[in-house]
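Welcome! Here is a short briefing to help you find your way around. Please have a look at the sequence and the structure first.

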Amino acid sequence: MSKANPISILIVEDKPEFLDEFSRTVSSAPDMYLAGTASTLAAGLALLNGEPVDVLLVDLGLPDGSGLELIREIALRPTWRERCEIMVVSVFADEAHVMSAIEAGASGYLVKDSAPTSFLQQIRELHAGGSPISPVIARKLLGRLAALPPSLGIEPALSGSTDVIELAESERRVLSYAARGYTYDEVAELMGVTRHTVLSYVKRCYRKLQVNSKTEALYEARRLGLVRD
């Protein structure tokens, strides 16, 4: 991402000290552009009436509601849903908040202890198609998966369900490239399309597979035999 085409970012954060720190950090990055800020849910929702941005950084505990409402509203707006990647930046690190954010449509989740330098890199990773998650949260999620019975996630494929999920060739290609570790920018170059087009394919895959993240999409696509590494 160059200065001529910076990553546009919105920040919705109610604590002045965090809003100031995040704003200054983003504004200092040569490849990023701070498109706007808000400190309430109402102000954040109002920002959605403007031009979609590349990345939304949102807190969950806002004075007039939950940041989850903002994430869910983006999911209802096609122009925003297809372009905007969402990362929660919150003091909440419990499983309930994390899972609710991911289910609502967030692709990243950071606890408010990230150093400014890593904070910028995590935004870049999110924009490139990654799913940055604070280590403390990743450990909890891995622990949750490890506690599940081995049969979970396998039985649906063996249950004789007649439901058939069909992906277009372009959608299969995107998932196949993602499974091999390519970022969405690299996939766009390989396929000869724009990043926006790649993201639209990804969102279609999410809807068809009934998932909310790249990790879940790849898991389901592999399980159903739709893509192979």
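Which residues of H1 are buried? They are Leu-19, Phe-22, Ser-23, Thr-25 and Val-26. Please keep in mind as you read that this is a predicted model. The points below begin with H1 and then move on to its neighbours and to a few single residues.

**Helix H1**

- H1 is built from 13 residues and spans 18 Å from its first C-alpha to its last, close to the 18 Å expected at 1.5 Å a residue.
- The buried residues of H1, among them Leu-19 and Val-26, cover an arc of only 165 degrees around the axis, which puts them on the same side of the helix.
- A general rule is helpful here: an α-helix has 3.6 residues a turn, so residues three or four places apart point the same way.
- Turn to the face of H1 that looks away from its buried side, and you will find the exposed residues Pro-16 and Ser-28.

**Aromatic rings**

- The model holds three aromatic pairs.
- In one of these pairs, the ring centres of Phe-22 and Phe-119 are 5.0 Å apart and the planes meet at 20 degrees, so the pair is stacked; the cut-off for stacking is an angle under 30 degrees.
- Phe-22 belongs to helix H1 (residues 16-28) and Phe-119 to helix H6 (residues 116-127), so this pair ties together parts that are 97 residues apart in sequence.
- Both partners are covered: Phe-22 is buried with a relative accessible area of 8%, and Phe-119 is buried at 4%.
- One aromatic cluster is formed by Phe-18, Phe-22 and Phe-119.
- Phe-18 also has a charged partner, as the charged end of Lys-112 sits over its ring, 4.4 Å from the ring centre.

**Strand S1 and its partners**

- S1 is mostly covered, with six of its six residues buried.
- Ile-7, Ile-9 and Ile-11 point one way from S1, while Ser-8, Leu-10 and Val-12 point the other way, and all are buried.
- Strand S1 (residues 7-12) and strand S2 (residues 32-38) run parallel and are joined by six bridges.
- Two examples show how S1 and S2 match up: Ile-9 has Leu-34 as its bridge partner in S2, and Val-12 has Ala-38.
- The chain travels from S1 through H1 to S2, and this β-α-β crossover is right-handed.
- S1 also runs parallel to strand S3 (residues 55-58), with four bridges between them.
- In S3, Leu-56 is the bridge partner of Leu-10.

**Helix H5 and what follows**

- Helix H5 (residues 95-104) has Val-98, Met-99, Ala-101, Ile-102 and Ala-104 as buried residues.
- Gly-105 comes just after H5 and takes a positive phi of about 135 degrees.

**Gln-210, a residue with a positive phi**

- As a general background, most residues other than glycine have a negative phi.
- Gln-210 has a phi near 60 degrees, a positive value in a residue other than glycine.
- You can find Gln-210 in the loop between helix H11 (195-209) and helix H12 (214-223).
- Gln-210 is exposed, at 71% relative accessible area.

**Two residues to look up: Asp-113 and Ala-179**

- Asp-113 lies in the loop between strand S7 (108-111) and H6.
- With a relative accessibility of 59%, Asp-113 counts as exposed.
- The C-alpha atoms of Asp-113 and Ser-90 are separated by 9.2 Å, and the two residues are 23 residues apart along the chain.
- Ala-179 is part of helix H9 (residues 169-179).
- Is Ala-179 buried or exposed? At 17% relative accessibility, Ala-179 counts as buried, because the cut-off for buried is under 20%.
- Ala-179 and Arg-222 are 43 residues apart along the chain, and their C-alpha atoms are separated by 9.1 Å.

Terms used
Residues are numbered from 1 along each chain as its sequence is written. This is a predicted model: local features need pLDDT of at least 70, side-chain atom pairs count only at pLDDT 80 or more; totals for chains, interfaces and linings use all residues. Side-chain values use heavy atoms; hydrogens and water are left out. Rings of Phe, Tyr and Trp (its six-membered ring) pair if their centres lie within 6.5 Å; planes under 30 degrees apart count as stacked, over 60 as edge-to-face and the rest as tilted. Buried means under 20% relative accessible area, exposed over 50%, partly exposed in between (1.4 Å probe, protein chains only). A charge sits over a ring if NZ of Lys or CZ of Arg is within 6 Å of the ring centre and within 35 degrees of the ring normal. The expected span of a helix is 1.5 Å times one less than its number of residues. The arc is that of the directions from the helix axis to the C-beta atoms. Two strands pair if DSSP finds at least two bridges between them. A crossover is right-handed if, with the strands pointing away from the viewer, the path from the first strand over the helix to the second runs clockwise.
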